[in-house]
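Hi,

Here is the structure I said I would pass on. Have a look at it first, and then read my notes below.

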Amino acid sequence: MKQKIALITGASSGIGKEFALQLDQEGYRLILCSRRKELLEEVASKCHDAVIFPMDVTNKEDIDALLKEYPEVDLFINNAGFGVHGSFLDTSLEKETAMLETNIIAVHILMKEYLKIMVKRDQGTILNVSSIASFFPGPYMASYYASKAYVTRLTEAVREELKKRHSSVQISLLCPGPVNTNFSKEAGVSFALKGDSPQYVAKYALKMLKKGKFYIIPNAKIRLARIGAKLAPTRLVSKIAMQIQKKKFNSM
Ligand SMILES: NC(=O)c1ccc[n+]([C@@H]2O[C@H](COP(=O)([O-])OP(=O)(O)OC[C@H]3O[C@@H](n4cnc5c(N)ncnc54)[C@H](OP(=O)(O)O)[C@@H]3O)[C@@H](O)[C@H]2O)c1
């Protein structure tokens, strides 16, 4: 049987790294992407069959080179991303626009390009890594929450388009709550809730992906929070999210 190929962005750390290690155990050939080459090499050295592709997902030339080198993959995990915290009036515009380029534009371009190829072959799976944050307004982390809302809405809409054309391509959405990775350090927050391990999140996501699930939310409390948010008025959800966010920040 032909060996399956998985391409993971943000594979140098956290959830992406765990996806790499677990897919390696499942016999996948891996293409590992992120900026930090040494960390990618470290992850690849723990795998049986992995190549590294150091790249910045916000660099269009890097994306073009990636697509040229690895146009056909069986599983694409669109995972690279980060958060920015603070009052909207105070956060660095430069940092925020870099985040929007990473969490929205790069996710959009990569999803579109790999989806076009997969649809032509009528085969393949895309997992977009969003967040539970995508379902709520998030005062004090406003642009991060909004960036993930884009990923969720885009994926939900494209899923319908794929269904309409009877495509065999699977698209799924991973929406974790807090996960103990480098994310919180990068965003300068400490979680108000106990975080899941990246090992658990990756394992759960791969299990649900195989079952063909669309929404993948790896924690019962977080699943409940989503249901609560659906039922409550947006203003109330926003106020509760603000209280949670306030507690999170080391600096507030
Ligand atoms: N941790 C959480 O609580 C949590 C919850 C919900 C959703 N998520 C989402 O999960 C995803 C993975 O985050 P994580 O928690 O695993 O955090 P992490 O440990 O900080 O990993 C983030 C990954 O993204 C890569 N990355 C960031 N900017 C990049 C760029 N411009 N080009 C290429 N790669 C880039 C980083 O690699 P380099 O620095 O080497 O480029 C790193 O491998 C993110 O999309 C995040 O929003 C996380």
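**Around the ligand**

The ligand has 28 residues around it, and the closest are G10, G14, R35, G81 and F183. Bear in mind that this is a predicted model. Sorted by class, the shell comes out as 14 polar, 10 nonpolar and 4 charged residues. Two helices, α1 (14-25) and α6 (183-187), each put at least two residues into that shell. The biggest giver is α1, with 3 residues.

**Helix α7**

Next, have a look at α7, which runs over residues 198-210. Its 13 residues reach 18 Å from the first C-alpha to the last, close to the 18 Å you'd expect at 1.5 Å a residue. Its buried residues are P198, V201, A202, A205 and L206. These sit on the same side of α7 because they cover an arc of only 125 degrees around the axis. What lies over them? The cover for the buried residues of α7 includes α1, β5 (125-129), β6 (170-174) and β7 (215-216). So α1 turns up twice in these notes: in the ligand shell and in the cover over α7. If you turn the helix round, the face away from its buried side carries K207 and K210, which are exposed. Just past the end of α7, G212 has a positive phi of about 80 degrees.

**Strands β5 and β6**

Two of the strands that help cover α7 also pair with each other: β5 and β6 run parallel and are joined by 5 bridges. If you want a spot to find the pairing on screen, T125 stands opposite Q170 in β6. Strand β6 is largely enclosed by the rest of the structure, because 4 of its 5 residues are buried.

**Q245**

One last residue to click on is Q245, which you'll find in helix α9 (residues 234-248). Is Q245 buried or exposed? With 21 other C-beta atoms within 10 Å, it counts as buried, since the cut-off for that is 20 or more. Leaving aside residues up to four places away in sequence, Q245 touches G138, P139, Y140 and M141. There is also A142 to look at: Q245 and A142 are 103 residues apart along the chain, yet their C-alpha atoms are separated by 9.9 Å.

That's what I have for now. Shout if you'd like to go through any of it together.

Cheers

Conventions. Residues numbered from 1 in each chain as written. Predicted model: local features only at pLDDT ≥ 70, side-chain atom pairs only at ≥ 80, totals over all residues. Near = placed C-beta within 6 Å. Nonpolar A, V, L, I, M, F, W, Y, C, P; charged D, E, K, R; others polar. Expected span 1.5 Å × (residues − 1). Buried ≥ 20, exposed ≤ 12 C-beta atoms within 10 Å, placed from the backbone. Arc of directions from axis to C-beta. Contact = placed C-beta atoms within 7 Å. Pairing = 2+ DSSP bridges.
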